[in-house]
Amino acid sequence: MAEPKKLSAQARNKSFRNWSYGNLTCFSEAHMQTFGYLAAMLPIVDDLYEKEEDKVTALETYTTFFNTEPQIGTIVVGLTAGLEEARANGEPLDDETINGIRAGLMGPLAGLGDSIVVGTFIPILLGIALGLAQGGSVLGPLFYIVAWNLLMYFGMKFAYNRGYEMGGNAVQALVGPESQALRSAIVEVGTMVIGAVAATWISISTALQLPGLGSLDSVLWSSSNTVTQSALDAAGEAGVSLNVFGSGIYPKLLNFLFVYLCWWLMTKKKIGVIPVMLILVVIAFVGVLIGFFNPGLQY
């Protein structure tokens, strides 16, 4: 029987360094921390697999979008290192399960990290540093630089190691007797997080004018506004401006349609991110010209 593969301390340390100092590698709006995550997983994959094709297959798992608060989010990188070790030892962990965990954790940890690190911890350190810097003392900036880097390094190191331990301990739950239900729940949570991001971060509305509201049966179902006969009479021939897709039963329908379009183009048609962005620009331009979208500009 082959001896189980075990990540070396050197590989874990290199993975941690790649993430701690390179989590924003090749940062862009399309990928954010994806390439930083890939850089962190390179030493892990190199240490676990010998064949180049196995390394490529493993790394493809981590090409999906990722973005979180980098300090607290270090725990996710450590966790996937533990999961990748288990997968290299033959555990039936597929890409969907691993990416479901990543997607499910990155949002909540981003909120937690922004509150603790950015909203609380950094202001406290800056307050102390500003006090030390009164009168032009160099102690202020030196204190902040040294304190932040030391606390960041050891805090992230602790989070990475805890994540690695959790990844190994989570394998039994992910591949045990009740694994199918848990894995399905993980994927569902990840899908819900992506859906919530699409509903809250994207804002698409229409300036569509419906003279006299047109066919009420076809539009009132999607409007939370009560339309009275007096309102119709007052509008007259000018019509009523109604954001058909903006409220009611499906308030974010346009968001969904555009996200689905992007998913379809990139997944089914294998079109890259940049061409998809250009397609959206063309749609927006044409939509403004025909009066479907209102850019809110005044000339």
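The points below go through a predicted model, moving from the whole chain to its core, its helix pairs and a few single residues.

1. Overall make-up. The protein chain holds eleven helices and two strands, and, read from the N terminus, its elements follow the order α-α-α-α-α-α-α-β-α-α-β-α-α. Of the 299 residues in the protein chain, 36% are buried. If one takes the contacts in the protein chain with a separation of 6 or more, 72% of them join residues 24 or more positions apart, which is worth keeping in mind when you compare the sequence with the fold.

2. The largest nonpolar core. This core has 39 residues, and the ones with the most contacts inside it are Leu7, Trp19, Tyr37, Ile44 and Trp148. Two or more residues are given to this core by each of α1 (9–22), α2 (34–48), α3 (52–60), α4 (74–88), α5 (95–132) and α6 (139–175). Helix α5 supplies the largest share, eight residues. As general background, nonpolar side chains in soluble globular proteins tend to be buried together.

3. Trp19 as a member of that core. Trp19 is among the residues with the most contacts inside the core, so it is a useful place to begin looking by eye. When residues up to four places away in sequence are not counted, Trp19 touches Gln33, Gly36, Tyr37, Ala40, Phe66, Pro70, Thr74, Val77 and Met156. Tyr37, one of these partners, is also named among the core residues with the most contacts.

4. The pair α4 and α5. How are these two helices oriented towards each other? Their axes come within 10 Å and cross at roughly 170 degrees; angles over 145 degrees count as roughly antiparallel, and α4 and α5 are therefore roughly antiparallel to each other. On the side of α4 the contact is made by Ile75, Val76, Leu79, Thr80, Leu83, Glu84 and Arg87, while α5 contributes Asp95, Ile98, Ile101, Arg102, Leu105 and Leu109. The residues of this contact divide into eight nonpolar, one polar and four charged.

5. The pair α10 and α11. Helix α10 (residues 253–268) packs with helix α11 (residues 273–289) at an angle of about 140 degrees, and their axes are 10 Å apart. That angle makes α10 oblique to α11, because the roughly antiparallel class takes only angles over 145 degrees. The crossing in which α10 passes α11 is right-handed. Phe258, Leu261, Cys262, Leu265 and Met266 make the contact from α10, and Val273, Val276, Ile279, Leu280 and Ile283 make it from α11. The residues of the contact of α10 with α11 divide into ten nonpolar, no polar and no charged, whereas the contact of α4 with α5 includes four charged residues.

6. Phe258 at close range. This residue lies in helix α10, and it counts as buried because its relative accessible area is 17%, where buried means under 20%. Leaving aside neighbours within four places in sequence, Phe258 is in contact with Ile204, Leu280, Ile283 and Phe293. Phe258 and Ile204 are 54 residues apart along the chain, yet their C-alpha atoms are separated by 8.8 Å.

7. Two residues with positive phi. Met32 has a phi near 50 degrees, a positive value in a residue other than glycine, and Met32 sits in the loop between α1 and α2. Lys270 likewise has a positive phi, near 55 degrees, and is a residue other than glycine; Lys270 lies in the loop between α10 and α11. Are these two loop residues buried or exposed? Met32 is buried, with a relative accessible area of 12%, whereas Lys270 counts as exposed at 67% relative accessibility.

8. A buried lysine. Lys55 is found in helix α3, and with a relative accessible area of 14% Lys55 is buried. Not counting residues up to four places away in sequence, Lys55 touches Val45, Asp46, Tyr49 and Glu50, so a reader can check in the model that two of the residue names in this list, Asp46 and Glu50, belong to the types that count as charged.

9. A partly exposed isoleucine. Ile116 lies in helix α5, and at 42% relative accessibility Ile116 counts as partly exposed. Its C-alpha atom is separated by 9.0 Å from that of Ile72, which is 44 residues apart from Ile116 along the chain.

Note on methods. Residues are numbered from 1 along each chain as its sequence is written. This is a predicted model: local features need pLDDT of at least 70, side-chain atom pairs count only at pLDDT 80 or more; totals for chains, interfaces and linings use all residues. Side-chain values use heavy atoms; hydrogens and water are left out. A nonpolar core is a set of buried Ala, Val, Leu, Ile, Met, Phe, Trp, Tyr and Cys residues joined through side-chain atoms within 4.5 Å. Buried means under 20% relative accessible area, exposed over 50%, partly exposed in between (1.4 Å probe, protein chains only). Helices (H or I, at least four residues) and strands (E, at least two) are DSSP runs, numbered from the N terminus. Contact means heavy atoms within 4.5 Å. Axes are lines fitted to C-alpha atoms, for helices over the stretch in contact, and angles run from 0 to 180 degrees between N-to-C directions. Angles under 35 degrees count as roughly parallel, over 145 as roughly antiparallel, 65 to 115 as roughly perpendicular and the rest as oblique. A crossing is left-handed if the near helix is turned anticlockwise from the far one by less than a right angle, and right-handed if clockwise.
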